[in-house]
Amino acid sequence: MFRVTAVSVLSDCRRKYVLVLTVPPPSFTMAVVLECFWCEMLGVGDFYYEVGVQVVELCVATSHRNGGVLSLDEVQRRLNARRRHDNQITSDDIVRAVKKLRVLGSGMEVMATGSSQFIYSIPGELSMDHTTLLQLAESKGSLTVAGTATNLGWTEERTNRAIQHLLQVGVTWRDDQSSPPSYWFPAFFYQCATAE
Amino acid sequence: MTEFEWPWQYSFPPFFTLQPNVDVRKTQLDAWCSLVLGWARKNNVGQIDVTGATSMAVFRNDSISRALPADGIRVVLDELAKRGNLEWTDKTKRRGYLFWRSVREWGQQIYQWAQDTSRINTVCTLFEINQGDETAGQEFHGLDGDILIKALKALEVAGKAELMDFGDNQGVKFL
């Protein structure tokens, strides 16, 4: 289980830490390196830093069901649910927090797609093909290899490779009962994003 | 009685396909086991027959035209058996008892009721226990007859009860 102590250590920030947050399968390990100078620069208790930590917490806690991809809407909704009414954060706050954490090599990234955005925190980098596919998935809900290849102007082989990787990291699930087989994304599935 | 609350996975079409990725499959099986036990509990289903399983509401969602295929059902049931929530009635593994609560826990609950209602050292019929008016508010009311007997046998082993046969009826004396 995600260790709560990781959070409190992060906000102490007195010396250099390498924090390894590990979640049982689907295995997910993230290393966040904190340097003293950064804490001095931003000051302990920096607002974006706190928000960033909460986003990390949320990613780790839900990665078992969405593979490490979350819509920005869902992140905002869930974080605000835990905050006082007069202390709500905007999606912009979240984007800034993630970008600041990224500087530290958090491995978290914000991706924009049309009018909406999503955050991903997946070990190993996502290639441009992967993120392009994710953007398409976010607007379509489910994808097929042939349909996606046509849509993006890719070969089926290239499409398949990208999908296989996303299958490997648990971001997409395969549906064998559609014709042809299709791929769905828990992160962009309404009932999953709003589940307890 | 309120409607059973289906988890988000139940509306998710790929949930009804066994996932190829080992880690994702584990998450999927966790969700299936949880769903089957929760549904069995809500609908008072104590036994499962593999041959009829494909038509059970819990393994199919007609509103999205998806159903867990027979081999998928088999994997879920095997997993439940591994976790102690399912007991095959024989080697052919065609029928099994579903325990959303273990047999021992059922026994303890029934014994507690017997204590609370001053029934120690008296005899009850099995009917009284799982179908009688006096147990209407109890969780074990409506409990599958075979599971009830297993629960009482567990109490017997613990020296807290003695099963009795009255020909037509079966009863138990709480000790």
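**Exercise 1. Two rings in chain B**

Task: In this predicted model, are Phe15(B) and Trp32(B) buried or exposed, and how are their rings arranged?

Solution.
- Step 1: Start with burial. Both Phe15(B) and Trp32(B) turn out to be buried. For Phe15(B) the relative accessibility is 0%, and buried means under 20%.
- Step 2: Next, the rings. A pair of aromatic rings is described by the distance of the centres and the angle of the planes.
- Step 3: For Phe15(B) and Trp32(B), the centres are 4.3 Å apart and the planes meet at 5°. Planes under 30 degrees apart count as stacked, so this pair is stacked.
- Step 4: Now place the two residues. Phe15(B) sits in the segment before α1 (22-42) of chain B, while Trp32(B) belongs to helix α1 of chain B, so the pair ties together parts 17 residues apart in sequence.

**Exercise 2. More rings around Phe15(B)**

Task: How do the rings of Phe15(B) and Phe16(B) pair, and which residues make up the ring cluster?

Solution.
- Step 1: Look at the totals. The count over all chains is 20 aromatic pairs.
- Step 2: In the pair Phe15(B) and Phe16(B), the ring centres lie 5.9 Å apart with planes at 85°. Angles over 60 count as edge-to-face, so that is the label this pair gets.
- Step 3: Check Phe16(B) for burial: its relative accessibility is 0%, so Phe16(B) counts as buried.
- Step 4: Follow the ring pairs outward, and you get a cluster of Phe4(B), Trp6(B), Tyr10(B), Phe15(B), Phe16(B), Trp32(B) and Phe59(B).

**Exercise 3. The surroundings of Asn61(B)**

Task: Where does Asn61(B) lie, and which residues does Asn61(B) touch?

Solution.
- Step 1: Find the element. Asn61(B) is part of strand β2 (residues 60-61) of chain B.
- Step 2: With 6% relative accessibility, Asn61(B) counts as buried.
- Step 3: Leave out residues up to four places away in sequence, and the neighbours touched by Asn61(B) are Tyr10(B), Ser11(B), Phe16(B) and Arg66(B).
- Step 4: There's also a side-chain partner: Asn61(B) and Ser63(B) share a polar contact of 2.6 Å.

**Exercise 4. Where the chains meet**

Task: How much area is buried between chain A and chain B, and which residues form the salt bridge?

Solution.
- Step 1: The size of an interface is often given as the accessible area lost when the parts come together. Here that's about 1800 Å², with carbon and sulfur atoms giving 66%.
- Step 2: See who loses the most. On the chain A side, Trp173(A), Gln177(A) and Phe189(A) lose the most area to chain B, together 38% of what that side buries.
- Step 3: Count the residues involved: 22 from chain A and 19 from chain B.
- Step 4: One salt bridge is found between the chains. Its partners are Arg66(B) and Asp175(A), whose closest N and O atoms are 2.7 Å apart. Arg66(B) also touches Asn61(B) from the previous exercise.
- Step 5: Add the polar contacts, and you find seven residue pairs across the interface.
- Step 6: Sort the chain A side by element. At least two residues each come from α3 (47-66), α8 (156-168), β7 (173-175) and α9 (190-193) of chain A. The biggest giver is β7(A), with three residues.
- Step 7: Sort the same side by type: eleven residues are nonpolar, seven polar and four charged.

**Exercise 5. Unusual backbone spots**

Task: Where is there a cis peptide bond, and which values of phi do Ser118(B) and Asn121(B) have?

Solution.
- Step 1: Recall the usual picture. Most residues other than glycine have a negative phi, and most peptide bonds are trans.
- Step 2: The bond from Ser179(A) to Pro180(A) is cis, with omega near 5°. Pro180(A) lies in the loop between β7 and β8 (182-184) of chain A.
- Step 3: In chain B, Ser118(B) has a positive phi near 50°, and Asn121(B) has one of about 70°.
- Step 4: Locate them. Ser118(B) is in the loop between α3 (103-116) and β6 (123-125) of chain B, and Asn121(B) is in the loop between α3 and β6 of chain B.
- Step 5: Finish with accessibility. Exposed means over 50%, so Ser118(B), at 63%, counts as exposed, and so does Asn121(B), at 53%.

Definitions and conventions. Residues are numbered from 1 along each chain as its sequence is written. Chains are lettered from A and ligands numbered from 1 in the order in which they are written. This is a predicted model: local features need pLDDT of at least 70, side-chain atom pairs count only at pLDDT 80 or more; totals for chains, interfaces and linings use all residues. Side-chain values use heavy atoms; hydrogens and water are left out. Contact means heavy atoms within 4.5 Å. Buried area is the accessible area (1.4 Å probe) that two parts lose on being put together, summed over both. A salt bridge is a side-chain nitrogen of Lys or Arg within 4 Å of a carboxyl oxygen of Asp or Glu. A polar contact is a pair of N or O atoms within 3.5 Å; within protein, one must be able to donate a hydrogen and the other to accept it, and residues adjacent in sequence count only if both atoms are side-chain atoms. Helices (H or I, at least four residues) and strands (E, at least two) are DSSP runs, numbered from the N terminus. Ala, Val, Leu, Ile, Met, Phe, Trp, Tyr, Cys and Pro count as nonpolar, Asp, Glu, Lys and Arg as charged, and the others, Gly among them, as polar. Rings of Phe, Tyr and Trp (its six-membered ring) pair if their centres lie within 6.5 Å; planes under 30 degrees apart count as stacked, over 60 as edge-to-face and the rest as tilted. Buried means under 20% relative accessible area, exposed over 50%, partly exposed in between (1.4 Å probe, protein chains only).
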